[in-house]
2 protein chains.
Amino acid sequence: MRGSRDVRRPATLASLAAELGVSRTTVSNAYNRPDQLSAPLRARVLEAARRLGYPGPDPVARSLRTRRAGAVGLLLTEALSYAFRDPAATGFLEGLALACERAGSGLLLVPVSPELADVTAVHQAGVDGFVVYSVREDDPHFKAVLERPVPTVVCDQPLHVEGVDRVGIDDRAAMLDLARHLTGLGHRHIGVLCMRLGTGRYDGPADDARQNGATYPVQRNRLGGLRDGFAEAGIDWAGIPVHERFAHSVDAGQAAAAELLAAHPEITAIACTSDILALGALRHAAERGLAVPEDLTITGFDGVPEGLRSGLTTVRQPVLEKGRAAGELLLERGDRNRPRTVVLPTELIVGTTSAVPRSPERWFSGW
Amino acid sequence: MRGSRDVRRPATLASLAAELGVSRTTVSNAYNRPDQLSAPLRARVLEAARRLGYPGPDPVARSLRTRRAGAVGLLLTEALSYAFRDPAATGFLEGLALACERAGSGLLLVPVSPELADVTAVHQAGVDGFVVYSVREDDPHFKAVLERPVPTVVCDQPLHVEGVDRVGIDDRAAMLDLARHLTGLGHRHIGVLCMRLGTGRYDGPADDARQNGATYPVQRNRLGGLRDGFAEAGIDWAGIPVHERFAHSVDAGQAAAAELLAAHPEITAIACTSDILALGALRHAAERGLAVPEDLTITGFDGVPEGLRSGLTTVRQPVLEKGRAAGELLLERGDRNRPRTVVLPTELIVGTTSAVPRSPERWFSGW
DNA sequence: CTGAAAGCGCTAACAT
DNA sequence: ATGTTAGCGCTTTCAG
């Protein structure tokens, strides 16, 4: 005997009602409003349901009727699987999942084909709202999300979108602190590694035009924070080499660090706009036999567990809190008034990967 | 001007059709079957849609009509957020996400209240099928999933469910190998740390009755593999202390190791049924000043990145592949014939946490 | 290439 | 406490 598993949705609420000789409302109530019918009748209904293999009200039909899907959609820049690979994303999602859990809402990961502009997945998603995690300003999927008549909350990027709530951090201020830390230590020749700045797959040096044209405000702001901090110490941003990597991975960071140091051997510090890249830089240093921080200072951004474990000097941002805040903004919106922005605090973590530079510059730039 | 964001689903396919003086079919076709109407007409439709702020066909209504939700549901034992915290789960999900991505299917994380038997979330989920990740045999959520008239694939547990595909590994055989490794090194006094065996929150020694009554076949099999392996070396399972932990965390492993060693100081090796627990045991050893593997051998199971990085002796299982296989089983089912079971290979990884025991037993048990 | 008709399965007023 | 009446918004034969 195979039970109800192989029947193709044999029973519906209506058929059950007919079978029992009661109205559809009664059957519906048996499931949704137990207090609206007598216990014995309800028992009869449920018993008949079991007997006929009726699995309860169809969720899709119910959603259509109630205009509630019971789920929030999540849109990521990257491929879906990236969500589980990047530690910062993972932390964010954990927080978001926590909020969903509390609200009894499902979390639908929307399958976006990374660079393909196939937006159908966004249209397909039966959700009550979207959380958008750090996508570029002109992302077509994001545009599609905005067209859907459901509330949306953005994490990090894009900034300032009409009618959309946002949760993020002050990337610029956080990076400014980090820049001061570096210049305070005495670094004057600093290289920068940053994440992708544009749409196209590009790896290499990023000149000023490219930096300013970046469609990722977060990267723009982190670079901006560095620039401001360096300026305070009299360091001209024009002299700072910035290398960009399309892929966000330890390998990419390693390669970028190699490239950067090869082109600019005078560098005493590498500031990375993410911990992942910094971990790559660390690996490159190890491979090259460079002592960190004695020969080379390396800093990150994010404060992911693996970075912290490596003693990385970095900025810790509350990724889990970001996720939770995003979820709450979306789900517990009693005040649908005007858009809210939540800016969470960050913290400069001085680890063991930053120190006073070996002092060639002292010799040469002194008195 | 606020654009279309604040309108409450103003336009529908029908209203658009009326506005344009065409039939609903035509509007529908404009979206779903571009080849079924003239280009200019289609353009007119799309233009009017834009003008009226019509976001395209409602996904829920479409799902009701087409009987396709375009998403697969994921059921976990633990709270939703656990999915992002446990490295083995994360790997599984990455694989599953990959498969979903390929199939253009969304992935809906079903919000289960861990121990609460509130099954509504399962009923609420608008999905075309379920992937069930390692839940206990009598999980009420799982029961609810089985009642839904959609295909289901199980990962790991429960075993053998009528009409349900499954992907897993041979836990027993894998653990048998590990047991042989331990006895081969000469260990005779071995303690075991295992994950939760039952429904209730229990931490402590697990006697035979408890082991046999476990509702988690995976744990049962892993313990069984150890028992078989020890038996081969003439070690009686009755003399093997097994300690169980409800929570699956490094902290729990640490506490359990402390408890185990306190109660059984003669132990020379701790076999853990997961890497997470083993990492905890490692931490306890460090804390106690026990050298691993000189003073104490510790082994894990899973082969999660952090375990491997720590040099753990363990069994590596292909978590990502499991996820992918589960997704493919569910999504690419051309052969809806009889249930399939996919058993993936595992590999014994001998790391730096296992070695020949310091030899008190040699002195005492010798000639 | 376009339209008319017929529901998909359900819930929510509003009666009774 | 139970039934009647209307759809929710869409797709899909089947005719024209």
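Contact, as used in these exercises, means heavy atoms within 4.5 Å. The structure is a predicted model, in which local features need pLDDT of at least 70 and side-chain atom pairs count only at pLDDT 80 or more, while totals for chains, interfaces and linings use all residues. Residues are numbered from 1 along each chain as its sequence is written, chains are lettered from A and ligands numbered from 1 in the order in which they are written, and side-chain values use heavy atoms, with hydrogens and water left out.

**Exercise 1. Describe the interface between chain A and chain B, beginning with its extent and ending with its composition.**

Step 1. On the side of chain A, 51 residues are in contact with 51 residues of chain B. The area buried between the two chains (the accessible area, with a 1.4 Å probe, that two parts lose on being put together, summed over both) is about 4400 Å², and carbon and sulfur atoms give 58% of that area.

Step 2. Between chain A and chain B there are five salt bridges, a salt bridge being a side-chain nitrogen of Lys or Arg within 4 Å of a carboxyl oxygen of Asp or Glu. Arg309(A) and Glu306(B) meet through their side chains in a salt bridge, at 4.0 Å from N to O.

Step 3. The chains also share twelve residue pairs in polar contact, with both residues at pLDDT 80 or more. A polar contact is a pair of N or O atoms within 3.5 Å; within protein, one must be able to donate a hydrogen and the other to accept it, and residues adjacent in sequence count only if both atoms are side-chain atoms.

Step 4. The elements of chain A that each supply at least two residues of the side touching chain B include α4 (59-66), α5 (87-103), β2 (106-109) and α13 (305-309). Helices (H or I, at least four residues) and strands (E, at least two) are DSSP runs, numbered from the N terminus. The largest share of this side of chain A, seven residues, comes from α5(A).

Step 5. By class, this side of chain A has 26 nonpolar, eleven polar and 14 charged residues. Ala, Val, Leu, Ile, Met, Phe, Trp, Tyr, Cys and Pro count as nonpolar, Asp, Glu, Lys and Arg as charged, and the others, Gly among them, as polar.

**Exercise 2. Determine in which sense β2(A) and β2 of chain B pair, and find the bridge partner of Leu109(A).**

Step 1. β2(A) and strand β2 (residues 106-109) of chain B pair in the antiparallel sense, over three bridges; two strands pair if DSSP finds at least two bridges between them.

Step 2. The bridge partner of Leu109(A) in β2(B) is Leu107(B).

**Exercise 3. Examine how domain 2 and domain 3 of chain A meet.**

Step 1. Domain bounds come from an automatic or database domain assignment, which places domain 2 at 71-169 + 319-336 and domain 3 at 171-316 + 348-362. The C-alpha centres of these two domains of chain A lie 28 Å apart.

Step 2. Here 16 residues of domain 2 are in contact with 19 residues of domain 3, and the buried area is about 1400 Å², with 54% given by carbon and sulfur atoms. In domain 2, Arg136(A), Gln157(A) and Ile169(A) lose the most area to domain 3, together 35% of what that side buries.

Step 3. Two salt bridges are counted between these domains.

**Exercise 4. Explain what the salt bridge of Arg51(B) and Glu19(B) ties together.**

Step 1. The side chains of Arg51(B) and Glu19(B) meet in a salt bridge at 4.0 Å, N to O.

Step 2. Because Arg51(B) lies in helix α3 (residues 39-52) of chain B and Glu19(B) in helix α1 (residues 13-20) of chain B, the pair ties together parts that are 32 residues apart in sequence.
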